[in-house]
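Dear colleague,

Please find the structure we discussed placed directly below this paragraph. My findings follow it, arranged by topic.

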Amino acid sequence: MHIPILNIPLLYSGAIAQGAIKDLMVTIISTILSFILGTLGATARLYGPKLVKTVVYWYVEIIRGLPAILQLFIIYYGFTQWGIDFSPLTAALIWLVAYGTGYGVEIFRSGIIDVPQGQWEAASALGLSRTMTMFRIIVPQAYVAMLPPLTSFVVLQLKNTTLLYLVAYSDIMYQARLGTDATEQPGILYLMAALAYLIMSLAIGRLGYRLERRAAAYR
Amino acid sequence: MQAMFSAWVQYLPQLLKGVGVTLELTGLSLVVAVVFGFILALARLSRIRGLDLLATWYVEIIRAIPVLILLFMAYYSLGQVGIALSGMTAAVVSLGGFYATQYGEIFRGAILSIDRGQTEAAAALGLPSSVTMRRVILPQAFFAILPPATNQLSNLIKDTSLVFTISLADLMYQTYAALSINFLPMDMLLLAGVIYFIFYLVIAKFLGRWELNVQRSRY
Amino acid sequence: MSNEAVISAQRVTKRFGTQVVFEDVSLDVHKKEVVAIIGPSGAGKSTFIRCVNQLHPFNGGTLEVLGHTLTGGGPPPSREVLQDIRTRVGMVFQTFNLFPHLSVVNNIILAPREVKKIPRPRAVEQAMELLAMVGLEHKAEMFPRRLSGGEQQRVAICRALAMDPEIMLFDEPTSMLDPELVGEVLAAIRRLARQGMTMLLVTHEMQFAKEVADTVVIMADHHIVEQGRAAEVLDAPATERAQVFLRRILKPAEVDEVGEVAPARLRGRL
Ligand SMILES: Nc1ncnc2c1ncn2[C@@H]1O[C@H](COP(=O)(O)OP(=O)(O)O)[C@@H](O)[C@H]1O
Ligand SMILES: [Mg+2]
């Protein structure tokens, strides 16, 4: 079947848009979860007992040291060897959260370190407890300092979703590849996929920039 | 455990065959990324209107697109418009083209971080701008470049694993080939993980140490 | 002092955007003359001497430097003209601006080697002579950050002199220095003056200006408010603005009203 190239955007933009929504969905869910786990991980890494510190340290190193595909495959294929079989969506989410947590710990940790020591001293002089100081004084300031790396982190997470087609999660890439198989028009289809990612990445970048400006305003 | 180790011993040679391709790919892409990145940095810093805009657009757009899509575009899409690249070339073009944006921004930031008094002093002495760049700016920028540059190198080596999707026989590809034969996905993926992790540690820790020493002996 | 003007500014005007830095500045520097520019900070003194060696372009008037005529607002000078001016005019900065990654001797020989293509042994020999002149020959192999501010500034003077300049520009060469280090730098400049170097010098050291300069120029409020023979201008300024400025600098009690503090006076050197 020969399809004129100009018809392809018409035929496939619906599918690509659907894929984009699925990509955005896992990006948002995994970002929120990684953000929470990353905060806890960073706190543990900074103030936890020695053993916990070491475990978190090596967890971060492993997440940062292994290729993304390899991590995803360990979850999707690897675990089948031990009789655990995740669905594509589950595998996708587990990986994105595991990966995001590793990076989240580092981002959040440097955010906390950047808060001046004087803040701790001022808080304890006021009689605030350590936990109170951490979550009412330090963390809010750390979040502001973290905004720029956090924005790049969300973009990174979005870009990671390109790999999910490898575990048959029906995202943008999956749709683009299906389309390529049917029409033999990789040129236009991958261009559409690239555009979809470009628009989403730039939108996230803009949003992050706006938030930074807002946060910087009251500083 | 016993079983895993014997599987490792049996399949290590096959995986090591892939390591050669992985390293070759890393080396070639790194050269492209550094050279092209330097050109991008100079273009963005130049006062030639148009040139700086062109470079800025290139950086902003390419950075926002996932490497996997760039790879597919280089490998599949370009073929459709009559530029048929081999898998290796497509991989080097896309990885090099993407990491050039990363290295370009590192170079640009480092050059901008040099105190303006340095260029003024050089200008007042009558040094031409090429000499100023070579003898005054770059030697000082080098130290600001090293840490983020090694960081990107470890990202690059991880991202070479993407070429497995276009059937280049790298470490990831050999791993996948092995696990599809022996149905021991976890064992094979962990073995690959160990190899990738060694590279990561060598780059991050070894180079990191060396950097630290260079920095310490600085002037 | 001969009559030949090597720098001649006529109604030079400089703006950054819409902000006027100085206007209608006219000033001659003759061969072997030492001209000191004094005035409150923000008056545009640094910007003016940076126009002389074209670190900044300017917007109006003409500026003749060593036979080259630069026109404000006109096309930028050609590469050859720029090169000629910069190799023949040396400059010493307030913040020294030594190259931190190069040893003292390499700082000094960089430009002679790269611009004048002088062979290394000769360049080093010349550098050592210059260092000896300022008493720093034993620091030749050190890196700038290991030197005191006064030593760094003396090296910076050597670096500029190594190009054999016909004119030297100094932009507050001692105002970043601790008081006890000021003397050694002023001594080096004084010696240069005695050897007949043509100099244009921005300074807050009134005593030094009076002693070394032939001509003193007072800049304030974007203009030259007074210029003339050093002793006359400093001892008996004619204009109201110059009187106010000098009184403020010389009489500590009146400083606070405006908050402009001359570093030299703060150190009790006057
Ligand atoms: N690069 C610049 N851009 C904009 N304004 C400048 C710049 N450099 C100096 N200025 C302004 O020009 C004025 C004169 O500065 P300067 O020449 O350094 O004064 P001085 O050396 O007499 O203290 C100041 O108001 C300063 O803020
Ligand atoms: Mg100044």
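**The surroundings of ligand 1**

Helix 1 of chain C makes the greatest contribution to the shell around ligand 1, supplying three residues. Please bear in mind throughout that this is a predicted model.

The residues that surround ligand 1 are C:Phe16, C:Gln19, C:Val21, C:Pro40, C:Ser41, C:Gly42, C:Ala43, C:Gly44, C:Lys45, C:Ser46 and C:Thr47. Sorted by class, this shell comprises four nonpolar, six polar and one charged residues.

Several of these residues also place polar atoms close enough to the ligand to be listed individually as polar contacts, for which the cut-off is 3.5 Å between N or O atoms:

- C:Gly42 has a polar backbone atom 2.7 Å from an oxygen atom of ligand 1.
- C:Ala43 likewise offers a polar backbone atom, in this case 3.2 Å from an oxygen atom of the ligand.
- C:Thr47 contributes through its side chain, a polar atom of which lies 2.4 Å from an oxygen atom of ligand 1.

Taken on its own, ligand 1 has 560 Å² of accessible area, and the protein covers 63% of that area. Two elements of chain C give two or more residues to the shell, namely strand 2 (19-30) and helix 1 (45-52).

**Chain C beyond the ligand**

Beyond helix 1 of chain C, in the loop that leads from this helix to strand 4 (60-65), one finds C:Gln54. The phi angle of C:Gln54 is near 60°, which is a positive value in a residue other than glycine.

Further along chain C, helix 4 (residues 120-133) and helix 5 (residues 149-161) have axes that come within 10 Å and cross at roughly 140°. Because of that angle, helix 4 of chain C is oblique to helix 5 of chain C; the limit above which a pair would count as roughly antiparallel is 145 degrees. The crossing of helix 4 and helix 5 of chain C is right-handed.

**Chain A**

What secondary structure does chain A have? Chain A contains eight helices and zero strands, and its pattern, read along the sequence, is α-α-α-α-α-α-α-α. The C-alpha trace of chain A spans about 75 × 50 × 20 Å along its principal axes.

Within chain A, the axes of helix 5 (residues 117-125) and helix 6 (residues 130-160) come within 10 Å, with a crossing angle of roughly 140°. Helix 5 of chain A is therefore oblique to helix 6 of chain A. The handedness of the crossing between helix 5 and helix 6 of chain A is right-handed.

**Chain B**

Chain B has eight helices and zero strands. From the N terminus on, its elements run α-α-α-α-α-α-α-α. Taken along the principal axes, the C-alpha atoms of chain B fill a box of roughly 70 × 50 × 20 Å.

One residue of chain B deserves a separate entry. B:Ser167 has a phi angle near 60°, a positive value in a residue other than glycine. Where in chain B is B:Ser167 found? B:Ser167 is in the loop between helix 6 (129-159) and helix 7 (171-182) of that chain.

**Points to inspect in the viewer**

For the ligand, I would suggest beginning with the polar atoms of C:Gly42, C:Ala43 and C:Thr47. The loop residues with positive phi, C:Gln54 and B:Ser167, may then be examined in turn.

With kind regards

Terms used. Residues are numbered from 1 along each chain as its sequence is written. Chains are lettered from A and ligands numbered from 1 in the order in which they are written. This is a predicted model: local features need pLDDT of at least 70, side-chain atom pairs count only at pLDDT 80 or more; totals for chains, interfaces and linings use all residues. Side-chain values use heavy atoms; hydrogens and water are left out. A residue is near a molecule or strand if one of its heavy atoms lies within 4 Å of it. A polar contact is a pair of N or O atoms within 3.5 Å; within protein, one must be able to donate a hydrogen and the other to accept it, and residues adjacent in sequence count only if both atoms are side-chain atoms. Accessible areas come from the Shrake-Rupley method with a 1.4 Å probe; for residues, only the protein chains shown count as cover. Helices (H or I, at least four residues) and strands (E, at least two) are DSSP runs, numbered from the N terminus. Ala, Val, Leu, Ile, Met, Phe, Trp, Tyr, Cys and Pro count as nonpolar, Asp, Glu, Lys and Arg as charged, and the others, Gly among them, as polar. Axes are lines fitted to C-alpha atoms, for helices over the stretch in contact, and angles run from 0 to 180 degrees between N-to-C directions. Angles under 35 degrees count as roughly parallel, over 145 as roughly antiparallel, 65 to 115 as roughly perpendicular and the rest as oblique. A crossing is left-handed if the near helix is turned anticlockwise from the far one by less than a right angle, and right-handed if clockwise.
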